Amino acid sequence: MPKITQLLFDCDNTLVLSEELAFEACAELANEMLEKHNVSDRYTGPGLMSTFVGQNFRGVVTGLQQKHGFKLSDEEVNAYVDRELGKVIETLLAKAEPCVGVMPVLEQLDKSKKYGMAVVSSSALSRVQASVKKVGQEKFFPPDHIFSAATSLPVPTTKPDPAIYLHACKIIGKEPGECVAVEDSKSGTLSAVRAGIPTIGYVGSYGGAIKQKEMAEVLKEAGVKVIMDDWSQFMDCMAQMEAM
């Protein structure tokens, strides 16, 4: 493996405890569109999250159309995406918190200067920026090293498409093999792995040992090299990655 010089962090439920908050806001709009198209199914925030974790709202809308057999125009999709973004940012600015144990690790990494650090997310750029700012993490990431699959690319996409990771590597000036990604979801892991980036799977934001064990297996199957249960394990995980 080439020398690792760059870390690429997912945001939602990897750096910031934001996924549950975001999906609560998403569920309201998802149910609105289902009702409008005479679909009887309804989603709670946790239910929507279990189906679409790791995807941005544009990806959720695409998935809902495929699953429930209705069709939205591009204008309708864009309108829902804009509404969702406003709702989620408002919620995150009020309630978002850092993932447990991540702040001391970021502080240590920032002081050591051993690795460059960037954020690579499916979520809209303004949402990611709001999240990291709310929890005091913006100081760790250069403004132009926060990347969004929904915003940073010429054509919006979502993980598991590897496009956003490939774009981040290009902008930063690194080869995928010089980087390590940290991801908590199957879709995020597939995005990084398909881009050729060795990946650490973080399961600490999942509630309970049973769910964490279950997700660890999911992430291993998706291609992660090392599982991290808690941010206190990060340096040991990096040592394992660098020894491969």
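Reader: Which helices each supply at least two residues of the lining of the largest pocket?

Author: In this predicted model, the largest pocket holds about 280 Å³ of space. Its lining comprises 14 residues, and M49, S50, V53, Y206 and K211 lie nearest its centre. The helices that each supply at least two lining residues are α2 (45-52) and α9 (209-222).

Reader: Which helix gives the most to the lining of the largest pocket, and with how many residues?

Author: By class, the lining of the largest pocket divides into 6 nonpolar, 4 polar and 4 charged residues. The most is given by α9, with 4 residues.

Reader: Which helix gives the most to the lining of the second largest pocket?

Author: The second largest pocket encloses about 160 Å³ of space, and its lining includes N56, F57, R58, V81, E84 and L85. At least two lining residues come from each of α3 (57-68) and α4 (74-95). The helix that gives the most, with 3 residues, is α4.

Reader: Why is strand β6 described as largely enclosed by the rest of the structure?

Author: On one side of β6, C179, A181 and E183 are buried, and on the other side V180 and V182 are buried. Strand β6 (residues 179-183) is therefore largely enclosed by the rest of the structure, the number of its residues that are buried being 5 of the 5.

Reader: In β6, what is the bridge partner of L7?

Author: Strand β1 (residues 6-9) runs parallel to β6 and is joined to it by 4 bridges. Strand β7 (residues 199-202) also pairs with β6 in the parallel sense, over 3 bridges, and there V182 stands opposite I200. For L7, the bridge partner in β6 is V180.

Notes:
Residues are numbered from 1 along each chain as its sequence is written. This is a predicted model: local features need pLDDT of at least 70, side-chain atom pairs count only at pLDDT 80 or more; totals for chains, interfaces and linings use all residues. Side-chain values use heavy atoms; hydrogens and water are left out. Buried means under 20% relative accessible area, exposed over 50%, partly exposed in between (1.4 Å probe, protein chains only). Two strands pair if DSSP finds at least two bridges between them. On a 1 Å grid over the protein atoms alone, a cavity is a set of points where a 1.4 Å probe fits but cannot get out, and a pocket is an open set with protein on both sides within 12 Å along at least five of seven lines; lining residues have an atom within 4 Å of a point. Grid points are joined across faces, edges and corners, and a volume is the space filled by probe spheres set on the points. Ala, Val, Leu, Ile, Met, Phe, Trp, Tyr, Cys and Pro count as nonpolar, Asp, Glu, Lys and Arg as charged, and the others, Gly among them, as polar.
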